[in-house]
Amino acid sequence: MTTLTDDVKDPATDDASHDGHAHDDHSHDDHHHHIPKGISRWLLTTNHKDIGTLYLWFAFIMFLVGGAMAMVIRAELFQPGLQIVEPNFFNQMTTVHGLIMVFGAVMPAFTGLANWLVPMMIGAPDMALPRMNNWSFWILPFAFLILLSSLFMEGGGPSFGWTFYAPLSTTYSGDSTALFVFSVHIMGISSIMGAINVIVTIFNMRAPGMTLMKMPMFVWTWLITAFLLIAVMPVLAGVVTMVLTDKYFGTSFFDAAGGGDPVLFQHIFWFFGHPEVYIMILPAFGIISQIVPTFSRKKLFGYASMVYATASIALLSFVVWAHHMFTTGMPVEWEKFFMFATMLISVPTGVKVFNWVATMWRGSLTFEIPMLFAIAFIVLFTIGGLSGLMLAITPVDFQYHDTYFVVAHFHYVLVTGAVFSIMAAVYYWLPKWTGRMFDITLAKWHFWCSLISVNVLFFPMHFVGLAGMPRRIPDYALQFADFNKWISVGGFAFGLSQLIFLALLVKACRKRGEPVSDQVWDGAEGLEWEIPSPAPYHTFDTPPQIK
Amino acid sequence: MEQNVKPKTSIDEGSLRAAPNNAKTVTKLVFVVIGMFGFGFALVPLYDVFCDIAGINGKTATTAAVYEPTLIDESRSITVDFITRTNTGMPWEFSVQTKSIDVHPGKLAKVDFYVRNPASRDIIAQAIPSISPGKAALYMNKTECFCFNHQPLKAGEEAIMPMTFFIDPQLPDEITYFTLQYTLYDITERVDEPVSVAMNKSQGR
Amino acid sequence: MKSLKCLVSTFVLLVSWFSSAQSAAERSDLNLRTGVTDISQQVYSLHMLMFWICVVIAVLVFGAMFYAMFKHRKSAGHEAANFHENIKVEIAWTVVPFVILIGMAIPAASTLDDMEDASKPDMTVLVTGSQWKWHYKYMENEVEYFSVLATQREQIENKFNKGENYLLEVDRPLVIPTGQKVRFLITSDDVIHSWWVPDFAVKKDANPGFINEAWARVNEPGIYRGQCAELCGKDHGFMPVVVIAKEPAEYAQWINEQEQIAVARKEEEQRLLAMNMSMDELMKQGQQTYNAVCAACHQPNGEGLPGVFPSLKGSALILNDQQAHIDIVVNGRAGTAMQSFSKQLTMSEIAAVVTYTRNAWNNNTGDLVQAKDVNALMQGE
């Protein structure tokens with residue numbers, strides 16, 4: 001907010017033009033008038049577009065790092081027997097893969113998109129709190145450096161699963177736990193700052209006439225996500241603090257010997273953990289709700305019901321957490337309550353899917369790359385949603401729980417759901433960001449390779465899970481061998497496909513390709529498509545008029 | 001970029017309008033964050049409350065119940081099994097002298113547990129009870145139990161530890177049978193009290 | 001559009017594959033197994049009901065979408081319509097799924113109630129998980145034992161060919177009678193484990209300090225295999241569950257034998273107390289026991305895994321305090337993976353393994369530990 005008041009005091013803002021090159025004489029004001037060069041531009045930036053770019057690249061690098069760990073996992077599981085890594089390291093890989101993908105790839109990618117898009121979509125000049133914005137990004141690399149460096153400690157990094165169930169993560173863990181706790185704290189602080197920024201921006205910085213019910217769906221879903229974040233990230237901070245004090249300071253929150261209870265850990269963790277799942281999917285819903293209307297050349301069907309559905313998913317997410325814990329032994333009344341509440345979530349989720357299909361219905365459809373990813377999202381996310389519905393049924397969950405069926409479920413929701421939506425978003429808005437069309441041939445290769453390999457990777461996991469393969473095991477019985485081979489092949493192929501994406505992004509950032517129009521996609525509607533391509537460093541210094 | 005030359009009118013008002021609101025909104029949100037951090041910790045006592053209501057994990061009350069010898073439901077009798085375990089690192093011998101008893105709800109019953117410390121050091125123990133099915137824990141009232149306190153034994157010492165209880169006559173009809181497990185933990189290093197304090201036990205054998 | 005047809009035909013293929021496979025074999029590689037208890041069969045039908053409902057929903061939704069993708073594409077000259085809401089339709093697709101959900105919830109809740117049968121069981125087994133094995137104790141008989149993975153290390157390390165039941169075989173399976181309600185009380189000595197037998201549709205967490213329960217009434221005699229289902233540390237993948245269900249008469253015979261064996265073993269142990277073994281004998285037996293029980297953590301070379309499992313080579317505890325050394329093997333150390341071995345090993349085995357670790361890998365203390373030394377510590381003499 002300080003930068004905004006700076007703007008007010010600065011007489012230079014009275015100038016009509018906001019083209020950076022026209023104001024070299026005002027070089028002392030490095031926020032507003034030109035784009036600083038070199039490393040300090042990125043270290044000190046308070047510009048929402050720069051920070052968005054940083055978040056997105058960071059997320060992509062983390063996606064590759066976490067993906068490399070997945071490759072280790074899949075290489076070990078390629079055939080039965082222990083051949084590449086030993087079990088202790090295998091457990092570190094599953095743990096750190098999960099943590100990195102959740103906190104390092106998906107969440108920062110969404111925050112990056114929010115940074116880029118929310119101000120442009122609501123007609124604001126920047127995020128409300130630009131300096132905090134800088135902080136919330138720049139503490140992230142340190143969090144992940146700490147986490148990754150713990151892998152090189154004697155005894156290795158955290159090996160208790162990303163869910164870090166006590167007492168495996170307290171009494172029975174190694175000393176890397178302290179680093180793990182510290183890095184989770186930093187990630188949490190970063191997310192909370194990011195969320196506060198989004199909420200304040202949306203509440204206070206909308207252009208005149210941009211009422212809440214006129215906001216694009218992406219902004220709506222992010223607003224609700226941000227509220228989820230500030231509601232549950234502190235609970236995560238609380239539970240890791242308890243793990244830390246249980247391990248090092250003699251408390252017994254989760255230790256039966258001192259009157260605690262290990263199951264309590266799971267209750268607190270999943271009270272955070274379930275809303276966290278929606279934190280990773282609601283912005284995806286927003287993205288798909290932007291893309292589908294564009295390429296259907298038709299307004300989003302049921303805008304209002306989309307908003308209500310998103311809000312009810314968010315609210316319901318607070319009363320379903322114990323469906324992750326049916327096997328811990330709880331009263332049958334509780335099991336029924338959590339089963340019913342969980343099943344109920346499929347109603348608003350279904351509304352969303354139906355609305356997307358209805359948007360496409362009788363539209364005028366074209367299938368550009370973002371639309372291909374969006375359609376893949378709708379199909380594959382729905383498969384993940386349906387397996388989620390099956391998992392909600394308590395008696396059957398006793399069979400599914402902690403098997404590869406669960407692994408298949410959440411990878412359908414998170415990879416072909418969240419990650420595909422992020423890719424769709426990047427393809428959709430990349431021409432606006434760079435001013436040039438990306439390499440469509442590469443993009444097609446990326447899409448089709450990813451689509452095929454991701455299904456070879458995750459679909460057979462349903463089968464091995466149902467047949468009885470537990471998750472998080474480094475070696476398995478012979479009956480699972482054939483499918484695991486295919487799963488690994490799919491995994492390697494999916495991993496390699498992402499290198500195509502890397503090549504495409506590098507090319508796009510080096511400004512290759514045909515220049516695009518302001519609207520980019522014929523059929524695209526919204527404020528971000530009314531500004532020039534590439535989007536200028538500063539936009540909407542003058543609030544636009546909303547009809 | 002040339003396009004972005006809309007008439008300059010309201011940036012200043014826009015910013016001025018936003019600035020004071022921001023501080024207010026941020027303050028509110030920070031309170032929410034602090035509140036939710038606190039709520040995470042509040043879940044710890046809340047969980048105990050839920051356990052008392054619903055009997056999760058079969059936890060029993062940690063303080064003595066008062067026995068009112070009015071209602072004894074002689075129409076049915078409940079079988080209670082006892083299991084004794086010692087945790088890793090706990091060298092004590094720990095056994096129950098009656099493995100299973102039948103008792104009418106409302107009637108006071110007494111069960112003796114035997115412990116011996118064969119180690120060459122003094123040890124303080126804590127017994128942790130757990131009942132299955134968990135719901136039965138809500139109707140299990142102990143008037144006297146070694147699990148309410150730390151139990152110290154000197155090296156080579158042995159003792160009989162009594163436990164007196166009655167089952168609430170409100171116990172649902174479908175429960176005819178439940179199991180009470182005690183796990184003994186060595187908590188010598190967690191507590192600073194001297195081992196000489198003998199509580200709630202009589203010299204055995 | 002070619003790809004579309006491709007997708008659809010793949011889907012049809014998968015569905016038919018899926019449905020044919022389940023009728024073919026009782027242990028399917030593709031689907032849940034029907035299992036051998038009434039409950040597991042209920043669970044299986046519930047699973048299939050949910051599965052087909054999901055398939056129908058998916059076919060309808062994707063069908064509509066693919067129809068739109070084909071018919072309403074711009075390249076086919078389709079012009080966009082101009083509707084963007086329809087209250088009736090929106091209410092319908094909120095209410096209809098809700099009704100479907102109620103249809104799913106009713107059978108689910110009734111199965112749940114059937115699982116929650118608190119009636120008195122015919123027998124009870126106390127199942128205790130520890131890193132990384134199961135312990136079974138028959139509450140009605142004087143029988144208890146550990147059940148440890150029986151797959152050879154060499155198979156895991158790809159030196160030998162893998163057997164048919166690779167990683168799903170144990171030295172001593174749990175034996176239960178058919179046709180009787182067997183209750184499993186489940187708990188843990190260290191971290192959380194989860195005891196899972198898919199054929200019984202039983203999966204319950206073993207929480208340290210607390211007991212959970214589950215039950216099964218097995219209809220058919222047979223061998224049923226499962227695994228630990230909750231990440232419990234390094235060898236989580238190597239603690240299978242094997243249950244053998246026998247006809248009641250056969251079971252009665254078996255449990256009697258086991259009781260006699262247990263008594264005989266105790267007498268034998270008492271007899272061995274009076275005997276002194278030579279260094280060679282102790283080292284030989286010690287090495288055997290060490291490789292079978294200790295090497296998983298401390299490694300065959302005694303060096304452990306730095307930062308995770310301590311090295312025994314040159315360890316201060318081993319080189320100096322013999323009593324403390326016996327004590328840690330007998331009683332374990334709280335809060336570590338070092339558990340109590342007093343139940344799993346006989347006194348002479350403990351004596352041998354302590355002797356072995358005190359003399360192997362250049363530890364060379366020259367100490368001889370006999371069964372009676374172990375007994376003395378356990379009895380507090």
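**Reading a Predicted Model of Chains A, B and C**

Modeller: In this predicted model, chain A has an accessible surface of about 15700 Å². Carbon and sulfur atoms account for 69% of that surface.

Biologist: What makes chain A as compact as a globular protein of its length?

Modeller: Chain A contains 17 helices and zero strands. The globule rule gives 24 Å for 547 residues, and the radius of gyration of chain A is 23 Å; the two values are close, so chain A is called as compact as a globular protein of that length. Along the principal axes, its C-alpha atoms fill a box of roughly 70 × 55 × 45 Å.

Biologist: How many of the residues in chain A are buried, and what share of its contacts joins residues 24 or more positions apart?

Modeller: A residue is called buried when its relative accessible area is under 20%, and 73% of the 547 residues in chain A meet that condition. Among contacts with a separation of 6 or more, 81% join residues 24 or more positions apart.

Biologist: How do you know whether Thr111(A) is buried or exposed?

Modeller: Thr111(A) has a relative accessible area of 13%. The limit for a buried residue is under 20%, and therefore Thr111(A) is called buried. Thr111(A) belongs to helix H4 (residues 87-122) of chain A. Leaving out residues up to four places away in sequence, Thr111(A) touches Tyr55(A) and Trp222(A).

Biologist: Why is Gly259(A) given the class that it has, buried or exposed?

Modeller: The relative accessibility of Gly259(A) is 55%. Exposed means over 50%, so Gly259(A) counts as exposed. Gly259(A) sits in the loop between helix H8 (217-248) and helix H9 (262-279) of chain A. Apart from neighbours within four places in sequence, Gly259(A) is in contact with Ser252(A) and Ile128(B).

Biologist: What does UniProt say about residues 42-547 of chain A, and what does the model show for that span?

Modeller: An unreviewed UniProt entry places the feature "domain: Cytochrome oxidase subunit I profile" there. In the model, residues 42-547 of chain A are 68% helix and 0% strand, and the end C-alpha atoms lie 36 Å apart.

Biologist: What makes the peptide bond between Ala166(A) and Pro167(A) cis or trans?

Modeller: Omega is about 0 degrees for this bond, and the bond is cis. Pro167(A) lies in the loop between helix H6 (140-149) and helix H7 (176-204) of chain A. In chain B, the bond from Ser132(B) to Pro133(B) is also cis, with omega near -5 degrees. Pro133(B) lies in the loop between strand E5 (123-132) and strand E6 (140-145) of chain B. Such bonds deserve notice because most peptide bonds are trans.

Biologist: What is the predictor's confidence in chain B?

Modeller: Chain B has a mean pLDDT of 81, and 82% of its residues reach 70 or more. Over residues 1-18 of chain B the pLDDT is below 50, and this stretch has 27 contacts in the model beyond near neighbours in sequence. Over residues 196-205 of chain B the pLDDT is likewise below 50, with 31 contacts counted in the same manner.

Biologist: What is notable about phi in Trp361(C) and in Asn364(C)?

Modeller: Most residues other than glycine have a negative phi. Trp361(C), which is not a glycine, has a positive phi of about 45 degrees, and Asn364(C) has a positive phi near 35 degrees. Trp361(C) is in the loop between helix H9 (347-359) and helix H10 (371-379) of chain C, and Asn364(C) also lies in the loop between H9 and H10.

Biologist: How do you know which class, buried or exposed, applies to Trp361(C) and to Asn364(C)?

Modeller: Trp361(C) has 16% relative accessibility, and therefore counts as buried under the limit of 20%. Asn364(C) has 53%, and therefore counts as exposed, the cut-off being over 50%.

Biologist: How do you know whether the span of helix H5 (residues 248-273) of chain C agrees with what it should be?

Modeller: The 26 residues of helix H5 of chain C should span 38 Å at 1.5 Å a residue; the end C-alpha atoms are 37 Å apart, so the span agrees. The buried residues of H5(C) include Tyr251(C), Trp254(C), Ile255(C) and Gln258(C). An α-helix has 3.6 residues a turn, so residues three or four places apart point the same way.

Biologist: Which residues of chain C does UniProt list for "transmembrane region", and what is their helix content?

Modeller: The unreviewed entry lists residues 49-70 and 91-110 of chain C. Residues 49-70 are 100% helix, with end C-alpha atoms 31 Å apart. Residues 91-110 are 100% helix, with end C-alpha atoms 29 Å apart.

Key
Residues are numbered from 1 along each chain as its sequence is written. Chains are lettered from A and ligands numbered from 1 in the order in which they are written. This is a predicted model: local features need pLDDT of at least 70, side-chain atom pairs count only at pLDDT 80 or more; totals for chains, interfaces and linings use all residues. Side-chain values use heavy atoms; hydrogens and water are left out. pLDDT is the predictor's confidence in each residue, from 0 to 100. Contact means heavy atoms within 4.5 Å. UniProt positions are given in the numbering used here, feature names are shortened, and annotations may be inferred rather than shown by experiment. Helices (H or I, at least four residues) and strands (E, at least two) are DSSP runs, numbered from the N terminus. The radius of gyration is taken over C-alpha atoms; the globule rule is 2.2 Å times the number of residues to the power 0.38. Buried means under 20% relative accessible area, exposed over 50%, partly exposed in between (1.4 Å probe, protein chains only). Accessible areas come from the Shrake-Rupley method with a 1.4 Å probe; for residues, only the protein chains shown count as cover. The expected span of a helix is 1.5 Å times one less than its number of residues.
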